[in-house]
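Please consider the sequence and the model shown below. The explanation that accompanies them proceeds from the whole chain to individual residues.

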Amino acid sequence: MVVMSIAQNLSTIHQAINQAAKAAGREPEAVSLLAVSKTFGPDVVITAADAGQTAFGENYVQEAIDKIAAVQSLRPDLHLEWHFIGPIQSNKTRNIAEHFDWVHAIDREKIAQRLSDQRPATLAPLYVCLQVNVSGEASKSGVAPEDLLPLAQAVAAMPNLKLRGLMAIPEPAENIAQQRQPFAVMRKLQQQLHAAGIITDTLSMGMSADMAAAIAEDATIVRIGSAIFGKRDYAN
Ligand SMILES: *Cc1c(COP(=O)(O)O)cnc(C)c1O
């Protein structure tokens, strides 16, 4: 039964988060769980919401907007938080600015400026993270660490955005020690921003396969999909 297993999976993940946080000497409440619901329908989101999950991550704009509308019409009592975690094309910024609470993968000033310009005045500022390319050549998305500070300064000054922190998707690694290396770089980059007067409170890092390593390096949001909802079928 899908319904049971989503609730069970959420509880298993919360236990794993608690364990990883305690092992790192951190408060478990300092780590929040973003349920990545891409490719799964509104019914699945509602099942997770009824099990207590409130924050959902999506990668594809049109799919997400249809899903958000469907959930709102089926269950107007639910107050969910929607995070856009995919790469952002400039022709999609308006829909993102109008329908999401958070955006995780900003890596260009131009995209940030469009999101700020297009954020409706009736909504709270859009919470944003800057995606950093901590795997070098291996990844094409994310700002290079040496270009992070000027981007952060520009975004922090945009009126309808609130810069919350940094996000990364490192290359897969063999073991937890190797997984921790890029996450440690992220923690240090956040400290460097802090030293430059840009205070943020979020490190969005860690997925189903490397969550414990990310929490050991101060992740505050882990983005978990398959470990909650099962394997994705992209044909849907
Ligand atoms: C799909 C996705 C996730 C979730 O990945 P899982 O391996 O299913 O946990 C997390 N972050 C981003 C940016 C994603 O695109």
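The paragraphs that follow treat the overall fold, the ligand site and then selected residues.

The model is a predicted one, in which local features require pLDDT of at least 70 and side-chain atom pairs count only at pLDDT 80 or more, whereas totals for chains, interfaces and linings use all residues. Residues are numbered from 1 along each chain as its sequence is written, and side-chain values rest on heavy atoms, with hydrogens and water left out.

The chain contains nine helices and eight strands; these are DSSP runs numbered from the N terminus, helices being H or I runs of at least four residues and strands E runs of at least two. Its radius of gyration is 17 Å, close to the 18 Å that the globule rule gives for 236 residues, so the chain is as compact as a globular protein of that length. This radius is taken over C-alpha atoms, and the globule rule is 2.2 Å times the number of residues to the power 0.38. The C-alpha trace spans about 50 × 45 × 30 Å along its principal axes.

Of the 236 residues, 47% count as buried. Here buried means under 20% relative accessible area, exposed means over 50%, and partly exposed lies in between, with a 1.4 Å probe and protein chains only. The accessible surface of the chain comes to about 11,500 Å², and 51% of it belongs to carbon and sulfur atoms; such areas come from the Shrake-Rupley method with a 1.4 Å probe, and for residues only the protein chains shown count as cover. Where contacts (heavy atoms within 4.5 Å) join residues at least 6 apart in sequence, 61% of them link residues at least 24 apart.

Attention now turns to the ligand. Which residues come nearest to the ligand? Of the 13 residues around the ligand, these are Lys38, Asn59, Ser208, Ser226 and Arg232; a residue is near a molecule if one of its heavy atoms lies within 4 Å of it. By class, the shell has six nonpolar, four polar and three charged residues. In this scheme Ala, Val, Leu, Ile, Met, Phe, Trp, Tyr, Cys and Pro count as nonpolar, Asp, Glu, Lys and Arg as charged, and the others, Gly among them, as polar.

Polar contacts are pairs of N or O atoms within 3.5 Å; within protein, one atom must be able to donate a hydrogen and the other to accept it, and residues adjacent in sequence count only if both atoms are side-chain atoms. An N or O atom in the side chain of lysine 38 is 2.7 Å from an oxygen atom of the ligand. For serine 226, a polar backbone atom is 2.7 Å from a ligand oxygen atom. Arginine 223 places a polar side-chain atom 2.9 Å from a nitrogen atom of the ligand. Taken alone the ligand exposes 390 Å², of which the protein buries 89%.

Lysine 38 is followed in sequence by a residue with a notable backbone angle. Most residues other than glycine have a negative phi. Threonine 39, in the loop between S1 and H2, nevertheless has a positive phi of about 75°, and its relative accessible area of 9% makes threonine 39 buried. In helix H2 (residues 42–50), Val44, Val45, Ile46, Ala48 and Ala49 are buried. Just after H2, glycine 52 takes a positive phi of about 105°.A second loop residue of this kind is aspartate 218, which has a positive phi of about 80° although it is not a glycine. Aspartate 218 lies between helix H8 (211–216) and strand S8 (221–224) and is partly exposed at 33% relative accessibility. Aspartate 218 is also one of the residues that arginine 26 touches, along with Ala21, Val31, Ile215, Ala219 and Thr220, when residues up to four places away in sequence are not counted. Arginine 26 is found in the loop between helix H1 (2–23) and strand S1 (32–36) and is buried, with a relative accessible area of 14%. A polar atom of the arginine 26 side chain lies 2.8 Å from the backbone oxygen of alanine 219.

Helix H1 includes alanine 16, whose C-alpha atom is 8.8 Å from that of methionine 211, 195 residues apart in sequence. Threonine 12, also in helix H1, has its C-alpha atom 9.2 Å from that of alanine 227, at 215 residues along the chain.
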